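Work through the exercises below with the sequence and the model side by side. Try each task before reading its solution.

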Amino acid sequence: MPTGQPDAKHLKLNAIIRQADADLAVVIHQALDSSQLSADEINYEQAEVTSLGLHKSAASFSVTSRYQTVRTFLTSILSNHPNTALDTLQCTRPDIAEPEVECAIRLVAWRAPARSGT
C-alpha cells in the first residue's frame, strides 16, 4: 500500500549510494594522482534517471601507462566507490614491443538526488 514514503529497501539503497558518492571528478582526480597517471581531457555528463529515482554522472577519458597501472587505478576506484561502475574500457597497444597501452575509459556513478532541506 503506497504511503508516499520510500520503503526500507529504497532507503537503504539511497543511504549506500549517498555514503559512497563523492563527486565523480574528485574521485577520478584522486585516483589519477595516487596512481601517478594523467588524463589530458575528461568529459563529464550528468542526467537524472527519473524511472529509477537516481542521478547518473559519467566521465570519459583516456590514460596511457602500463596495463598493471591502469588496472590498479580502476581497482582503486571500483573497490572504494561501490556506486561507480566501469562502463567502457578499451585498451590498445600500438606495437607489441611497447610496454604501455592507451586505454579509453568511461566510468558511471549513481546516487540519490539531493533532497531539499537535507
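A nonpolar core is a set of buried Ala, Val, Leu, Ile, Met, Phe, Trp, Tyr and Cys residues joined through side-chain atoms within 4.5 Å. Keep in mind throughout that this is a predicted model.

**Exercise 1. The inventory**

Task: State how many helices and strands the protein has, and give their order along the chain.

Solution.
- Step 1. Count the elements. There are 3 helices and 4 strands.
- Step 2. Read from the N terminus. The order is α-α-β-β-α-β-β.
- Step 3. Look at burial. Of the 118 residues in the protein, 31% are buried.
- Step 4. Look at the surface. The accessible area is about 7900 Å², and carbon and sulfur atoms hold 50% of it.
- Step 5. Look at contacts with a separation of 6 or more. Residues 24 or more positions apart make 60% of them.

**Exercise 2. The sheet**

Task: Find the strand order of the sheet, and explain why strand 1 and strand 3 each have a side without a neighbour.

Solution.
- Step 1. Trace the sheet. It is open, with 4 strands in the order 1-2-4-3 and antiparallel pairing.
- Step 2. Go to the edges. Strand 1 (43-49) and strand 3 (84-92) stand there with a single partner strand each, so one side of each lacks a neighbour in the sheet.
- Step 3. Check the twist. Ignoring direction, neighbouring strands are turned by 20° against each other on average.
- Step 4. Recall the general rule. Strands of a sheet pair through backbone hydrogen bonds, either parallel or antiparallel.

**Exercise 3. Two pairings of strand 2**

Task: How many bridges does strand 2 form with strand 1, and how many with strand 4?

Solution.
- Step 1. Take strand 1 and strand 2. They pair in the antiparallel sense over 7 bridges.
- Step 2. Pick out partners in strand 2. Gln-46 is bridged to Ser-57, and Glu-45 stands opposite Ala-58.
- Step 3. Follow the hairpin of strand 1 and strand 2. It has 4 residues between the strands, and Gly-53 takes a positive phi near 70° there.
- Step 4. Take strand 2 and strand 4. They pair over 12 bridges, again in the antiparallel sense.
- Step 5. Pick out a pair here too. Ser-60 faces Arg-106, which belongs to strand 4.

**Exercise 4. Helices on the sheet**

Task: Which strands do helix 2 and helix 3 meet, and at what angles to strand 2 do they run?

Solution.
- Step 1. Start with helix 2. It lies across strand 1, strand 2, strand 3 and strand 4, at about 20° to strand 2.
- Step 2. Move to helix 3. It packs on the sheet and touches strand 2, strand 3 and strand 4. The direction of helix 3 makes about 160° with that of strand 2.
- Step 3. Find Gln-30 in helix 2. Exposed means over 50% relative accessible area. Gln-30 has 52%, so it counts as exposed.
- Step 4. Locate Gln-30 against Ser-76. They are 46 residues apart along the chain, and their C-alpha atoms are separated by 10.0 Å.

**Exercise 5. The core and Val-63**

Task: Which residues touch the most other members of the largest nonpolar core, and what does Val-63 touch?

Solution.
- Step 1. List the best-connected members. The core has 20 residues, and Ile-28, Leu-32, Phe-61, Val-63, Phe-73 and Ile-105 touch the most others.
- Step 2. Assign the suppliers. Helix 2 (24-35), strand 2 (54-66), helix 3 (67-80) and strand 4 (100-111) each give at least two residues to this core.
- Step 3. Zoom in on Val-63, in strand 2. With a relative accessible area of 1%, Val-63 is buried.
- Step 4. Leave out residues up to four places away in sequence. Val-63 then touches Leu-32, Ser-38, Ala-39, Val-70, Val-101, Glu-102, Cys-103 and Ile-105.
- Step 5. Take one of these, Ala-39. It is 24 residues from Val-63 along the chain, with 5.4 Å between the C-alpha atoms.

**Exercise 6. The disulfide**

Task: Which cysteines form the disulfide, and are Cys-91 and Cys-103 buried or partly exposed?

Solution.
- Step 1. Count. There is 1 disulfide.
- Step 2. Name the pair. Cys-91 is joined to Cys-103, S to S 2.1 Å.
- Step 3. Place the ends. Cys-91 lies in strand 3 and Cys-103 in strand 4, so the pair ties together parts 12 residues apart in sequence.
- Step 4. Read the torsion. About the S-S bond it is about 110°, so the disulfide is right-handed.
- Step 5. Compare accessibility. Cys-91, at 30%, counts as partly exposed. Cys-103, at 0%, is buried.

Conventions:
Residues numbered from 1 in each chain as written. Predicted model: local features only at pLDDT ≥ 70, side-chain atom pairs only at ≥ 80, totals over all residues. Heavy atoms only, no water. Buried < 20%, exposed > 50% of the residue type's maximum accessible area, 1.4 Å probe, protein only. Contact = heavy atoms within 4.5 Å. Pairing = 2+ DSSP bridges. Axes fitted to C-alpha atoms, helices over the stretch in contact; angles between N-to-C directions. Areas by Shrake-Rupley, 256 points an atom, 1.4 Å probe, with all protein chains shown as cover. Disulfide = S-S within 2.5 Å.
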